[in-house]
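Please read the following walk-through with the model open beside you, since each paragraph takes up one part of it in turn.

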Number of protein chains: 2
Amino acid sequence: MAKKQKTFRPKARLPKGLRDQFGINVRAEQALLARVRALFESYGFDPLETSAFEYADALGKFLPDADRPNEGVFSFQDEDKQWLSLRYDLTAPLARYVAQNYDGLVKPLRRYQAGPVWRNEKPGPGRFREFVQFDADTVGSPLMAADAEMVMLLADTMEAIGLPRGDYIVRVNNRKVLNGVLERIGVLYGDDPDVEIKRLTVLRAIDKLDRLGPDGVRLLLGKGRKDESGDFTKGAGLSDEQIETVMAFTDAGGGRNGDVIARLEALVGDSAMGREGITELQEIADLLMAAGYGEDRAAIDPSVVRGLGYYTGPVFEVELTFEITNDDGQLMRFGSVASGGRYDGLVERFKGIEVPATGCSLGVSRLLAALEAKGLALVDQVSAPVVVLVLDKTRVGASQSMVRDLRAAGIRAELYLGGSGMKAQIKYADKRASPIAVIEGEDEVAKGEVTLKDLILGAQLSSSIKDNKEWREDQPAQVSVKRGDLVAEVKKMLARYDGSSL
Amino acid sequence: MAKKQKTFRPKARLPKGLRDQFGINVRAEQALLARVRALFESYGFDPLETSAFEYADALGKFLPDADRPNEGVFSFQDEDKQWLSLRYDLTAPLARYVAQNYDGLVKPLRRYQAGPVWRNEKPGPGRFREFVQFDADTVGSPLMAADAEMVMLLADTMEAIGLPRGDYIVRVNNRKVLNGVLERIGVLYGDDPDVEIKRLTVLRAIDKLDRLGPDGVRLLLGKGRKDESGDFTKGAGLSDEQIETVMAFTDAGGGRNGDVIARLEALVGDSAMGREGITELQEIADLLMAAGYGEDRAAIDPSVVRGLGYYTGPVFEVELTFEITNDDGQLMRFGSVASGGRYDGLVERFKGIEVPATGCSLGVSRLLAALEAKGLALVDQVSAPVVVLVLDKTRVGASQSMVRDLRAAGIRAELYLGGSGMKAQIKYADKRASPIAVIEGEDEVAKGEVTLKDLILGAQLSSSIKDNKEWREDQPAQVSVKRGDLVAEVKKMLARYDGSSL
């Protein structure tokens, strides 16, 4: 019919760092998102949805003097030659939304958003170029109560998705305390244009403490570090004495929150910025204590700094504390699955006025992997469908009406739609993990009956009954009933399995 | 602290054809997706998620001899210079998924997928460049029962999302019937490389019947048509006689499905292809009748052809039949909100073997707009939050603990996190549409009490009580209770409104 082009056969494949998810994995994600959504709603956050891509400059992906977006994002040009970028997080679109609609917003704005983000980075094991984030942010609140609430929300989220207390910890710190320490050792001073870069290098070095250990971080704080592959990362260029002060700061955690704060207070000395950070940490610690969140759930921890440059005060992250055995038999941890902090400058980019804001972000794919590894994956209660076989193609309508009756009774059901015979149809039902196959063969039609094959019982029995003849003659896992009793009988059979094994 | 760059202030704006959705609009979409998902699951479809972008050629967006993707999609190059495109529908990714995983799939594969798609087209009123589709497809089934099931699924979907019977109709046709008619009038014959283009032009002309009327379609079937803006669209170049045959075909609908089929049978005459189409239509009509779907829900209608080239047999679309009054006071219809059909060749592109498939796609944004216009929008039952005010900043912890107690009792609640005084806080609660504001002023603290302000009752009374003095003295909409009775009293007050007005 259609004229054939010269045969051009594209290869069916996905670009690296992308993936398909099917069936139970999608349901596990849906179930997790539903739980998180319900919790965020109960906190008074309202949902926002923004588009997948925006103007690159509105997402902050333009340096003042660059004519194409900086790296790390997927970008393309619109008809009018303006650059568009796929969002790389949900915070930049929020800042744009707030700036664009500022006057009409109820402030403080409490919003949540869930959705995929895209990073144009090198993918690796468990590292994808598309992944789902779930964020909550409060925009327009300068109060530490807003930050403390984020910490509580993160702790509550972990328990809402099924993690037992003790399997997670929310670690809390404050950028101003670190800045106070840096101020004391002279890193923050001076008109040197490299000071900001140096500060970011220090942040990123500390952020790698988990992965590289103290010695690796010392190298990154000093001259630099050569990794296993031989690549050299330039360091922050601190002196040995400066390095030891920074290391003492990262090492000041442990014990009661009050004790940690006292240690930090000593380290910042008379730095005004550092003391401001201490006051903020104290406020958060007091609020957490008043609300009943102990150090087993939310602990002040100076080793948490987060790598992002835009945080201005409190920062926090959720670490999963349990170990799992990976496929190679090695013990491993999942580490950070969520994080956040205060970013008072992000809306200022657009408007020139400071709009205080704080928020948090869950890495949904990582959380799913962690729950899966712990055997705690949530799944929507969806049973495998009852399959109605089609043995006589002239009676498809009759089979269809059985499917309809089952569905009307709330039973997930489907008609076999392939072109094969009885044996292949049973095999299909087995592969679908169907609990029951409904069969209406010639004999059944004559008697006005249908046969119900209990595939779960069948599978159990087939491993115990070895005698083929006995099996064929007794057919212990099937029963014939009048067509009118179909729904009642299927319900009875399903009730045996209580939904749990379906 | 951070060194300021030369001030670069991007404008906070969205590219044309994109939009933000907030609060109730997002919840309405979530509620609709949940209903559709539950229905599709009950039909035995399983969820698939694919990535937002893929190789352009895998999505079919490469002509054999082109070196960049054809128009209509957003495309960009990966590091290795290969072209990637944002998906423009959910069918092309499914075809790629099936081809890539063919041997391991349980066939027929029944999958559903929901998510945004992107079109690089000119946006217009109600026409966006990002919108959400919800698809179901059965891959690997040659049976008309699979197509009939799609028609039933579409009808059931409309009712599941709250549209009354009579407000929608699923219109069903078959491409082979039209091809039979075209064969009879000579349009399908010959080695002319333009035949396929001509066939598509005919399809697209008929697809515009709703919008342009019969005379407009006649022009497009003939020499061509100049639109209001003066743009000329080249026609299919049929003769007057050919045009009248095609028009008679589109006009053959109305009445019982059996009568329509009889009329069509006469039109295709002895075309083998046409007769195959008639047989398929008859099978679908029989299955619909056997399952209890009458012509009021699913009607054979030859004017439905759909514009896409890849359909090979049955095609169908859902039309909303009610009229609404738009903002300009004009009566208007929503027209088509869902569509689908059989596409036996889509996987063949990759594998060289024909894989029969049929499916349908809902335009979620359009459906939402239609439900909204009818006053039928679904919304998740999420009440506006109770707001706990903060009048004394040294007592934030005490206010926070009230919020915690309310949330623990399942009541949506939040702490006021702005920096303003009493009046602004009440105004905030009003803007949030909060049912209750919780106030713990100096007097209350002394007495161990809290004051609950019923903001719904308050709003009602404030319109009836005109006397300011009476209002201030009686404070009829507020009550003070012991702190320990907070949760019980809030529950009592909320019960008055039964959730419905929240």
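At which residue does α6(A) bend, and by about how many degrees? In this predicted model, the bend in α6(A) lies at Asp215(A) and amounts to about 80°. The end-to-end distance of helix α6 of chain A, residues 209-221, fits with this picture: a straight helix of 13 residues would reach 18 Å at 1.5 Å a residue, but the end C-alpha atoms are only 11 Å apart. Several residues of α6(A) are buried, namely Leu209(A), Gly213(A), Gly216(A), Val217(A), Leu220(A) and Leu221(A). The cover over these buried residues includes, from chain A, the helices α5 (195-207) and α7 (240-250) together with the strands β9 (224-226) and β10 (232-234).

Helix α9 of chain B, residues 272-290, can be put to the test of length in its turn. Its 19 residues should span 27 Å at 1.5 Å a residue, and because its end C-alpha atoms are 27 Å apart, the expectation and the model agree. The buried residues in α9(B) are Gly274(B), Gly277(B), Ile278(B), Glu280(B), Leu281(B), Ile284(B), Ala285(B), Leu287(B) and Leu288(B). As background to reading such a list, an α-helix has 3.6 residues a turn, so residues three or four places apart point the same way. After α9(B) comes Gly292(B), which has a positive phi, near 85°.

From the helices we can turn to a strand, β14 of chain B, which covers residues 357-363. Because 6 of its 7 residues are buried, β14(B) is largely enclosed by the rest of the structure. One of its partners is strand β7 of chain B, residues 130-139, which pairs with β14(B) in the antiparallel sense over 7 bridges; here Phe134(B) stands opposite Leu362(B). Strand β13 of chain B, residues 331-342, also runs antiparallel to β14(B) and is joined to it by 5 bridges, and in this pairing Ala338(B) has Leu362(B) as its bridge partner. Leu362(B) is thus a residue to look for twice, once opposite Phe134(B) and once as the partner of Ala338(B).

It remains to ask how chain B can be laid on chain A. A turn of 180° with a shift of 0.0 Å along the axis brings chain B onto chain A with an RMSD of 0.1 Å, which is the relation of a two-fold axis. The same surface serves both copies, in that 99% of the contact residues of chain B recur in chain A. To find the rotation axis from chain B, look for Phe76(B), whose C-alpha comes closest to it among the residues of that chain, at 2.8 Å.

Terms used. Residues are numbered from 1 along each chain as its sequence is written. Chains are lettered from A and ligands numbered from 1 in the order in which they are written. This is a predicted model: local features need pLDDT of at least 70, side-chain atom pairs count only at pLDDT 80 or more; totals for chains, interfaces and linings use all residues. Side-chain values use heavy atoms; hydrogens and water are left out. Copies are superposed by least squares on the C-alpha atoms of residues with pLDDT of at least 70 in both. Contact means heavy atoms within 4.5 Å. Helices (H or I, at least four residues) and strands (E, at least two) are DSSP runs, numbered from the N terminus. The expected span of a helix is 1.5 Å times one less than its number of residues. The bend at a residue is the angle between axes fitted to the seven residues ending there and the seven starting there. Buried means under 20% relative accessible area, exposed over 50%, partly exposed in between (1.4 Å probe, protein chains only). Two strands pair if DSSP finds at least two bridges between them.
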